[in-house]
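Hi,

Here is the structure I promised to pass on to you. Have a look at it first, and then read on for what turned up in it.

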Amino acid sequence: MGLPEFYTPKFIMRSRTNDSLRINDIWTFKSVKSNKRYIVEVEGFDKEFYGIKFYWKGVEKSMNRYSLLTNDFEPRRIIRSCIEIMLNYYSKNNLASFGFIASADLEKDIIGKIIKPEEGSRRFQFYQRILISWFGQKTFYHYSDKNKFFYLLINRFQLDNQTLQIEEIIDKINDIYIGDFLFE
């Protein structure tokens, strides 16, 4: 089986959050299959760490926009498009590290199914499989917290040279998203 096709992402804009000095880049791509436009937010943090978040544009005003399912049955292409964005950042900065939070699926994980913490959400399991197969272990150290649905790809060069530490990333995320997540 070959690599899944992807939709070509397009860079839209950059903004800076004054209170935390985070850089937010907005990307977009359109599904040829469903004709839906997706928004990808890339939050840049200290020490070349980028958080990736995405959602369907049709739910951008919803507080649950990261959890809602589109039922378009094309997650591989969508994640692959996000990976293309990650590769763009890595090609410009080979010290880049990345992180995802795999939101629980409201329709299945919360309402109709009990989540087993040792397994993580369906999205978490899917992200983990595709990221391990795509990136392997040579360039990035894969760190995950299945209870919090959190997945990190930490640049091995930075980790080996102790210029970036897992605890540092977790502390920064806890500071910024206090009340939303708490990683231990």
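One bit of vocabulary before we start: helices (H or I, at least four residues) and strands (E, at least two) are DSSP runs, and they are numbered from the N terminus. Also, please keep in mind that this is a predicted model.

So what does the chain look like overall? Its secondary structure comes to five helices and seven strands. Starting at the N terminus, the elements run β-β-β-β-α-β-α-α-β-β-α-α. The chain has 184 residues, and 43% of them count as buried. Take the contacts between residues at least 6 apart in sequence: 51% of these join residues at least 24 apart. The chain exposes about 10,600 Å², with carbon and sulfur atoms supplying 53% of that area.

Next, how far to trust it. The mean pLDDT of the chain is 79, and 78% of the residues reach 70 or more. Confidence is highest in helix α4 (residues 156-160), at 94, and lowest in helix α2 (residues 106-112), at a mean of 46. Over residues 109-118, pLDDT stays under 50, and the model has 17 contacts beyond four places in sequence for that stretch. Where pLDDT is low, the predicted coordinates should not be read in detail.

Now for the charged side chains. Side chains of opposite charge can pair when their charged atoms come close. How many salt bridges are there? The count comes to four. Three residues, Glu41, Glu43 and Lys53, are linked in a network of salt bridges. Within this network, Lys53 pairs with Glu41, and the closest N and O atoms are 3.6 Å apart. That pair links distant parts of the chain: Lys53 sits in strand β4 (residues 49-56) and Glu41 in strand β3 (residues 37-45), 12 residues apart. Lys53 also meets Glu43 in a salt bridge, at 3.3 Å from N to O. Here too distant parts of the chain are linked, with Glu43 in strand β3 and Lys53 in strand β4, 10 residues apart.

Are these three residues buried or exposed? Anything under 20% relative accessible area counts as buried, so Glu43, at 6%, is buried, and Glu41, at 14%, is buried as well. Lys53 has 23% and is partly exposed.

Another salt bridge joins the side chains of Glu84 and Arg80, at 2.3 Å from N to O. Both residues lie in helix α1 (residues 75-92), and they are four residues apart, about one turn of the helix. Arg80 is buried, with a relative accessible area of 6%, while Glu84, at 21%, counts as partly exposed.

Helix α3 (residues 122-135) is a nice one to practise on. At 1.5 Å a residue, its 14 residues should span 20 Å, and the end C-alpha atoms are 20 Å apart, which agrees. Which residues of α3 are buried? They are Arg123, Phe124, Phe126, Tyr127, Gln128, Ile130, Leu131 and Phe135. What covers the buried residues of α3 includes β4, α1, β5 (97-101), β6 (140-145) and β7 (150-155). After α3 comes Gly136, which has a positive phi, near 60°.

Then there is Asn155, which lies in strand β7. Its relative accessibility is 2%, so Asn155 counts as buried. What does the side chain of Asn155 reach? It comes to 3.5 Å from the backbone oxygen of Leu95. A polar atom of the Asn155 side chain also lies 3.3 Å from the backbone oxygen of Ala96. Leaving aside neighbours within four places in sequence, Asn155 is in contact with Tyr90, Asn94, Leu95, Ala96, Ser97, Thr139 and Phe140.

Last, two backbone angles to check on your screen. Asn35 has a positive phi of about 65° although it is not a glycine. You will find Asn35 in the loop between β2 (22-30) and β3, and with a relative accessible area of 52% it is exposed. Gln162, also a residue other than glycine, has a positive phi near 55°. Gln162 belongs to the loop between α4 and α5 (166-176), and at 61% relative accessibility it counts as exposed.

Have fun clicking through it!

Cheers

Key:
Residues numbered from 1 in each chain as written. Predicted model: local features only at pLDDT ≥ 70, side-chain atom pairs only at ≥ 80, totals over all residues. Heavy atoms only, no water. Buried < 20%, exposed > 50% of the residue type's maximum accessible area, 1.4 Å probe, protein only. pLDDT = per-residue confidence, 0-100. Contact = heavy atoms within 4.5 Å. Areas by Shrake-Rupley, 256 points an atom, 1.4 Å probe, with all protein chains shown as cover. Expected span 1.5 Å × (residues − 1). Polar contact = N/O pair within 3.5 Å; in protein donor to acceptor, adjacent residues only side chain to side chain.
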